[in-house]
Amino acid sequence: MISFTLNGKTVQGKEGEYLLKVAEEHGIEIPTLCHHKALEPAGMCRLCTVEMHYGRRVRYVTACNYPIWEGMEIKTDTEGIHQIRKLIVELLYARCPDVDILKKLAKRYDIEEPRFSKEDDTCILCGLCTRICERMGNSAISLTGRGTDMKVDTPFHIQTEACLSCGACATVCPTGHINYEKIRANISESDIAPIPSEYEMGLKGRKPVYVPYAQAVPNTPVIDRTKCVHFKTGGCQICAEFCGVNAIDHSQQDESIEVEVGSIILAPGADVYDPGLHDTYNYTKHPNVVTSMEFERILSASGPYGGHLIRPSDHVEPRKIAWLQCVGSRDVHLGAHGFCSGVCCTYAIKEAMLAKEHSSNGLDAAVFYIDMRTFGKDFEQYYNRAREESGVRFVKSKITHVESNDETGMQVIRYVDEAGRRLEEEFDMVVLSVGLSASLKTAEQAKKWGIDLDHYNFAKTNSFDPVQTSRPGIYVCGIFQGPKDIPSSVIDSSAAAGVAGSRLSDVRWTLTKTREIPEEVDVRGEPPRIGVFVCRCGTNIAGTVDVPEVTEFAKGLPGVVYAEENMFSCSQDTQDKMTEIIKEHRLNRVVVAACTPKTHEPLFQETLINAGINKYLFEMGNIRNQCSWVHKDDPDRATKKSKDIVRMAVAKAGLLEPLAESTMGITQSVLVIGGGVAGMAAARNMSEQGYHTYLIEKADALGGQARHLHETWRGEDIQGYLTQLADAVQSDDNVDVFVNARISHVEGFVGNFKTTIHQNGENRILEHGVTIIACGASELKPGGYLYGEDSRVVTGLELQQRFIDKDPALGQADTAVFIQCVGSRIPERPYCSKVCCTQSIKSALTLKDVNPQMKVFVLYRDMRPYGLREDLYREARSAGIRFIRYNSDKEVDVTNGAEGLKVSFSDRVLQRMMDIRADLLVLASAVVPPAENPLAQLYKVPVNADGFFAEAHVKLRPVDFATDGVFVCGLAHAPKPIDESITQAQAAVSRAVTLLSKKAFLTSGIIAETNPLNCSSCGVCISVCPYSAPGFIEQGPFTGKAQINPVLCKGCGLCVASCRSGAIRL
Amino acid sequence: MKIESTADLENIRQEYSNKLYYPDGTKVLFGMASCGIAAGAKAAFEKAQQDFPQGNGIQISQTGCLGFCEAEPLIEIVQTGKPRVIYQNITEEKIVEVIHSYLENDFKKTKWILGQVRDPRNLMEDQVKNPIGEIDPIEKIPFLEDTPFYHNQVKIALRNCGYIDPDCIEEYIARGGYFSFFRALFDHKPGEIIQIIKDSGLRGRGGGGFSTGVKWATCARHHGERYIICNADEGDPGAYMDRSILEGDPHSVLEGMLIAAVAIGSSHGFMYVRNEYPLAVKRLVTAIKQAEKFGLIGDNIAGTDFSFKIKISTGAGAFVCGESTALMASLEGKVGRPRAKYVHTVEKGFRNNPSNLNNVETYANVPAIISKGADWYAGMGTEGSKGTKVFSLVGKIKNTGLVEVAMGTTLRNIIYDIGGGVLKKKKFKAVQTGGPSGGCIPEQFLDLGVDFDELTKIGSIMGSGGMIVMDQDTCMVDVARYFLDFLKEESCGQCNPCREGIKRMLQILTRICEGHGKEGDVELLEELGDMVAKASLCGLGTSAPNPVITTINYFRDEYYAHIRDKKCSAGVCKNLFHYDIDEEACTGCRLCALKCPQEAITGEKKEPHKLDQDKCIKCSICYEACKFNAVVIK
């Protein structure tokens, strides 16, 4: 270290450091215009001139590039220095009177008007641009000419190919003399364009070093080799120089890693359709035509426009936006795809509703669609809300093309409406609801993997083994299997993991390593010896907060025996150091003042464990997110606040006690409720995973609804599968099947359920660790339509049964009519039953097979053969089956006339009433849950308004309940076809296994506990707890008082806050 | 033939001393430096070659510059047994006659004769080993050494200029050349050489005046490939000391560099020469080739493990490249711009390695010091500045030329005794020393002994030795403007104080000269000058305000006269004066009227004339023409 005198005070700096930097570290600001921390200082602006005194002599040196030396004496703010700086500023101000930075400086030095004639330059020749260009390894620009003729220029003043348009010069230019326009006009031969951010869909630029997006995993920056200047010129490497932890290594190469695995799960996803391929919609020609993905970013608060709804061309808020559905989907034309992407209808509704919420002027949102396909759970209700409450317009139409009005930036949509009228309407913006598209790159790789793909390049699977590819041991999940939304993908992923796991169940735990945990030191009874670690977080904290001062302050707090600052507290070497310090100083409480405990508390607790002290003796103070980031402009007060935060954390730490985490065994068996396809698939899979399984069915045989199903939409034989599955389950030693059984009583909780079943007049108690509810649903028996009165009127399922039975009467019918949405999508049953459209199409085709002369009509509201099922719909249309859209607002009347059944309905296209004579009327009837479902009560799990079970989280936990240890699958969850039921069953098993395989719980140390003496038995805690942790004591002296089950308690504190007697504490 | 030892050198010396001092037949030497050539020496030389072909007893040869520019072309004729005679202003027309007159012992045309040489021997020569026989002097012809111009000079750096053929290494050796190098190589340890140079008190002759010995010692202390660089980028207008040495005695510089290389421990030398000195470059190239041929430059010199090579690099004419860091940048192939010298070039210079940079004159002094000893050298000069200094004495002075005098010689001595005083009996006004960024010294300091420190004290600098004498017809504001105009062009432009400061100072000076000066301008100039001097990056900037500040200090009234009275008494700033005819002094000789290109002067013969101000363009022809001082500036 070198000591010298700076403005009368003795300060220290490192050998070789320049004066400016050392002064800055000591809070002495020296003005400069030509200094940049990434560049070697050049001392060109001379604004940082300071006085160096030696003996009686004075020398003037520039602080930016003057190296410090022992014993020197520096003065930075004498009158003489002020005069020099003022005159330099005056000269520069006269040279560049319109440059902001100089205007500001002039003001600071009280210069109103320069005493020299004003010029109109904007360049102060600080040389930052030329030096950074050199640093970039390029030197495309340099300072040319001499004296007053000097300027920043390219060789010979011609545009040069040497310029890589990296923009570094514009970034460092303090005056704005060099900007992107000038680079384009005068410097670079090639065009300069920002690097489009992939995440922002090109609406915003990104740097060559970037974090792909805020929630990226891992959340670390990456360097784009194709854009990084270093990889082009060998220059720059500024990032590596500035990285506080030396994390950047430009010499890194991709490496091949070989791992031996038993199973492979493919989840490569898919691409989004590019509407520029066949530009019917003006997408490539006008910025106000965006894809739905781009629009997502526009709406996002972290997006390119900060969440402000504005149109890209002029950043004016749009008054009208149109969504065009089925862009690239359900389209067999050039570049498009024949399948339905399945997700676009719902997301378009969401975007329209969000856009209306974002709009300040009552946005007119219109969705132009072919069929609205809101078939997912609760999606139909969302559609209804959009239409009825939010006023989103839905226009059944066929778009011919989109044109732009160049003067106004408006987009003219030309379309044909459902009645065949040609219309047009103007919108500020058009959002193209682009569909999904199987990735060609993945398709290439699939060849390597040796798996079969379908004609759309999705992985080929079958309905009964939905996550299994054509190659054993390789599984698939997500969009690679076919278009699907998030809940389905999440279910898929659990299923794939579960199935892969079941194949590997006998080698479970064979490759794991056990961690050595040092013995915990008992610190009870010791006075607190608190260690405080204050994190600089690079410049994140230290840039605002005076970290050394906070550290010094911490040293003086009661109980603190050690305090230090770290550059990055979370780095591995700091962790190791902390472990040593804890041991060395015998610390028994640790406070880290850094960022948020949400992300970093477990890491530091781990450090405590490694140092042999209880992890609950840890406290975090958030001086970053809650201090340095939000008080950037007020460093003094931020420092003060940081001290307060540290003081509070230290005070709290002093009160911490070591907490024990209790363990509880998990019963290694499962109860599956329901013997349909979902239940049997779950039981079978559970058994394959190696767990004993109880399967109970209330009916006298296994099979459920599938007993009435003929074929899947792909044509697979359901009855064959069902028989095979039932046999497998029944012959499985590991599965106990109980038919004609009912559940009468349930006790216990996750890991330790005791379910009492009633079978054949006997009660039996089953002990199981987890429960899977697969109790199913059934087909509605509709009223009206002469159903039940006329044998020619059947439900969809009844028709299927007749196919199974090979009913010869079916071939006799001349005309068959299907009526869709019987009992579904009506006010009392607003949901879509999802399966009926596909089933009707399939049945219609089967009828055509039986009797090709048969006239088949399908009366529908929106045809919803989603995903790959669209193929079947297309096949049906080419097979001559007629699809007629009827007006559901008007009655569909079925009467029995002389020439058979007369079906009267209102036709949407012709806009008049129509009659069809039919020999067979098929009612596509709704899927309905049981009217009364005791399971909800027994297992304390919720059902939704429609009577289906409500999962813990629609997207992220689609088979879990909020109550631990209980899972749902099949029709009990929502209407769904057989393949999705099987997938969900496999997913439920997968989730159950994650619990069971632990064998025991480690409960959190932070849980609520009651003091029965204070408890008034009011039961509030029981009613508020989302996890069913509190209950009443049933025996002993405190019978009737509340107690908390430590296994179920999550330590949320809800009961503590709501207890009126103060009987509960955390 | 390789020279391997001092004995080899001695042999050459013997042989060529005879040729040099006792030529067979007659030897006619032409001063063929650039200055002589410009004055017509080359034409005369060719004429002589034509009329006196080789082999008839007359040898036509060339030499360097004797320094007396006013008298160029100078030729020297010598015949064994006869004194050497220097003829002046000998052009093509006169040459044949001059040679014949010498041959015929006809020395009547004394106007053509500058003087006879009493003793041509060099100060480094061993007088005992090399006796010059007694020769009877020619009557009525002065000895050159006694003429006013040469009388007060002490020739060390210029010791061989005008005496030897610069293209002939043997003649250099004949005059003691390369003996010092061999002494350094064989007889001294590097530390001893540095100590001798330190003790001699030699200070850098390029302008900075830093102790050469200390510089060498510092450079030798730093590790890495060390470089010896010679700064021959002499850029000051009106200064040509280095050029004369390079053109007249290139080997002295090479020998100086060799000695430095031995002392510092270097094997690579560079000469950075202005490209505007083509003859100097040519002579250097020849000299290096000859030295290489003799094994004085190259690998394993004289059988030792000392190797040294010298490369020549030509500068493209940027004044600032005389600055050490800019020079090294240029040498590296980069743009010649200075950098901060907080890390000295002796530590990190050329190619970031320790580099010793001295100028031509400094190196030329070195062999003499090694030869004659530190005490001898330190015996000359003043307390702070030892030895001699070469000045180029120009301007409004009678004897312009290169003069080498001991440090401490007074300005009066230089200007009046050597220089012969101001031309046309006009009044001395100031002398500007140190090149464009030097200062103007008024009459009151004429008795100042010239050395580094004294000049600095009065606001000027030694610089590389430019000395411009100004008379009453020189406007000091215009002089300041002139130099700043030069500096504005030559500033590299990198740092704000220099680029913007000089530009603004020049703007102010220009407006003062044009008659638009404002109250406060002088003070603003002083303010700017102070800042530029303190805050600029390199020496060019820090010294740039000198011409302005010294002229303000010593001629402040002249500035005020320009600003307040709108008068330029020197008659230079055209908007600020007019000519008039003093009727009492005018004799009516008509001379002015006849010469006036505008026919602005009218008047009868022997009657006082009149000058029509409307027609006058202030061309000054009448003013110069009038022999009666009747044309006056008003």
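This is a short chat about reading salt bridges in a predicted model.

Trainee: What counts as a salt bridge, and how many does the structure hold?

Mentor: Look for a side-chain nitrogen of Lys or Arg within 4 Å of a carboxyl oxygen of Asp or Glu. Over all chains, this predicted model holds 97 of them.

Trainee: Let me start with B:Asp51 and B:Lys47. Where do they sit in chain B?

Mentor: Both belong to helix α3 (residues 41-51), 4 residues apart, so about one helical turn separates them. Their side chains meet in a salt bridge, 4.0 Å from N to O. B:Asp51 is partly exposed, at 33% relative accessible area, and B:Lys47 is partly exposed too, at 27%.

Trainee: And which parts of the chain does the pair B:Asp299 and B:Lys309 link?

Mentor: That salt bridge has its closest N and O atoms 3.5 Å apart. It links distant parts of the chain: B:Asp299 lies in the loop between α12 and β8, while B:Lys309 is in strand β8, 10 residues apart. B:Asp299 counts as exposed at 52% relative accessibility; B:Lys309, at 40%, is partly exposed.

Trainee: Is B:Asp471, which bridges to B:Lys396, buried or exposed?

Mentor: Buried means under 20% relative accessible area, and B:Asp471 has 3%, so it counts as buried. B:Lys396 is partly exposed at 32%. The two meet at 3.3 Å, N to O, and they are 75 residues apart, with B:Asp471 in strand β14 and B:Lys396 in the loop between β10 and β11.

Trainee: Which residues are joined into one network by salt bridges that share partners?

Mentor: Here the network joins A:Arg95, A:Glu119, A:Asp121, B:Arg499, B:Glu500, B:Lys503 and B:Arg504.

How values were computed. Residues numbered from 1 in each chain as written. Chains lettered and ligands numbered in written order. Predicted model: local features only at pLDDT ≥ 70, side-chain atom pairs only at ≥ 80, totals over all residues. Heavy atoms only, no water. Helix = DSSP H or I, 4+ residues; strand = E, 2+ residues; numbered from the N terminus. Buried < 20%, exposed > 50% of the residue type's maximum accessible area, 1.4 Å probe, protein only.
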